[in-house]
Amino acid sequence: MSTCATASRDLSEPLAGTAATASTWLLVEQPGPWGTEALTASRLDPAVGRALERAAEGTGVRVALIRRPGRHADLHTGARHRVFVAHTRPGRSWIRTTALDDPARLLGLDFAALGAGDPGGLTLRPRAPHELHAPHSPAADPAAWEEYTGDPLVLVCTNGKRDRCCALLGRPLAGELAASGVHSTWEITHIGGHRFSPTLVVLPHGYAYGRATAQGVKDVIEALRSGRVVTDGCRGRSAWERPGQAAELAVRELTREDGADALTVVRTEGGARVWSVTVEHRDGRAWQVSVAQLAAAPPRPESCGFPLGSPARMEVVGIRTARRPAHGVRAMAAGRL
């Protein structure tokens with residue numbers, strides 16, 4: 001049985017403030033088996049995987065492997081790799097995509113620019129010498145990065161080598177979504193929070209969800225098509241650090257605001273397990289949210305096979321209005337009270 005997910009669910013462990021932190025996601029298609037550290041334990045060249053990890057460090061970019069749901073052929077050669085780059089900050093979110101024969105060309109990306117949300121960072125390493133006389137492939141050139149305009153990408157964590165809950169609960173969910181017509185569904189190697197399985201992240205908005213169901217995911221997609229966010233089961237927006245994730249969701253609960261891009265975390269101050277987070281609305285309102293890091297009790301496994309522990313959780317301990325909108329702005333704003 002899925003030990004860590006069952007324990008977390010039975011203890012009603014809060015989901016808010018538990019999403020992985022990433023302003024930008026780099027997703028590389030790699031069918032076949034994935035190991036615990038998938039970037040260096042899959043059919044992707046491990047040297048390329050290590051280099052991508054190093055290049056992304058400290059930039060706000062998170063690198064992960066993806067594959068289509070279903071049975072995965074153990075492909076060694078000849079496969080082209082679909083690649084997505086997605087930036088998640090509100091009002092500036094975007095997805096670009098291309099396909100490559102050689103993922104090593106991604107080492108030409110400007111990771112710092114991409115982490116800051118600048119699509120100008122979408123450069124590629126020149127073709128390797130052995131590729132220079134290969135048939136021309138427009139999709140392998142920098143200019144071939146295309147704007148992705150389909151439904152939000154749904155990335156379900158399914159790596160059973162990382163945690164068995166992700167395989168036992170995540171893979172059936174990914175399969176059910178794909179079979180029911182959610183064609184933007186992909187499996188992903190790791191987004192953290194195994195004990196909240198099945199868990200997923202939706203791009204480009206970056207909202208993560210836990211204890212997900214197929215109908216719940218469909219509701220999330222339908223809402224995002226009209227620029228709204230579903231907060232039920234939401235773990236937070238990956239653009240923010242975890243105190244900011246909890247603060248944003250608390251303001252949404254207080255104000256009933258569901259505009260996906262209506263709120264921005266503009267400042268997080270403090271530390272040592274206590275933060276003051278400033279959340280602004282696009283209509284000019286702002287809130288100061290006090291967030292404390294507490295130890296979850298009673299002890300529970302953070303991941304299957306791990307000893308009992310007390311994972312950190314973000315607790316909102318206070319919210320106060322910091323600023324009201326200028327006269328007339330509120331009436332024009334798209335957000336709700």
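In this predicted model, strands β3 (residues 81-87) and β4 (residues 94-100) run antiparallel and are joined by seven bridges, with H87 standing opposite W94 in β4. Both strands belong to an open sheet of ten strands, in which the order is β5-β4-β3-β1-β2-β7-β6-β8-β9-β10 and the pairing is mixed. The edges of this sheet are occupied by β5 (146-147) and β10, and because each has a single partner strand, one side of each is left without a neighbour in the sheet. Helix α5 (residues 214-225) packs on the sheet, where it touches β6 (153-157), β8 (200-203) and β9, and the direction of α5 makes about 20° with that of β8.

A further open sheet consists of four strands in the order β11-β12-β13-β16, and its pairing is antiparallel. Here β11 and β16 are the edge strands, each of which pairs on one side only, and neighbouring strands are turned against each other by 25° on average when direction is ignored. Within this sheet, β13 and β16 pair in the antiparallel sense over ten bridges, and Q293 is found opposite M314 in β16. Helix α6 packs on the four-stranded sheet, touching β11, β12, β13 and β16, with its direction at about 55° to that of β16.

The geometry of α6 (residues 242-255) agrees with expectation, since at 1.5 Å a residue its 14 residues should span 20 Å, and its end C-alpha atoms are indeed 20 Å apart. Eleven of the 14 residues of α6 are buried, and the helix is therefore largely enclosed by the rest of the structure. The buried positions are P243, G244, Q245, A246, A247, E248, L249, A250, V251, R252 and T255. These buried residues pack against β11 (263-271), β12 (274-281), β13 (286-295) and β16 (312-323), and also against β9 (207-209) and β10 (234-237); β9 and β10 are part of the ten-stranded sheet, so that the buried residues of α6 have packing partners in both sheets. Just after α6, R256 takes a positive phi of about 60°.

Elsewhere, a contact between two helices was examined. The axes of α1 (residues 3-10) and α4 (residues 164-179) come within 7 Å and cross at roughly 75°, and the two helices are therefore roughly perpendicular to each other. The contact is made by T3, C4 and A5 on the side of α1 and by R164, C165 and L169 on the side of α4. By class, the residues of this contact comprise four nonpolar, one polar and one charged.

Methods:
Residues numbered from 1 in each chain as written. Predicted model: local features only at pLDDT ≥ 70, side-chain atom pairs only at ≥ 80, totals over all residues. Heavy atoms only, no water. Expected span 1.5 Å × (residues − 1). Buried < 20%, exposed > 50% of the residue type's maximum accessible area, 1.4 Å probe, protein only. Contact = heavy atoms within 4.5 Å. Axes fitted to C-alpha atoms, helices over the stretch in contact; angles between N-to-C directions. Parallel < 35°, antiparallel > 145°, perpendicular 65-115°, else oblique. Nonpolar A, V, L, I, M, F, W, Y, C, P; charged D, E, K, R; others polar. Pairing = 2+ DSSP bridges.
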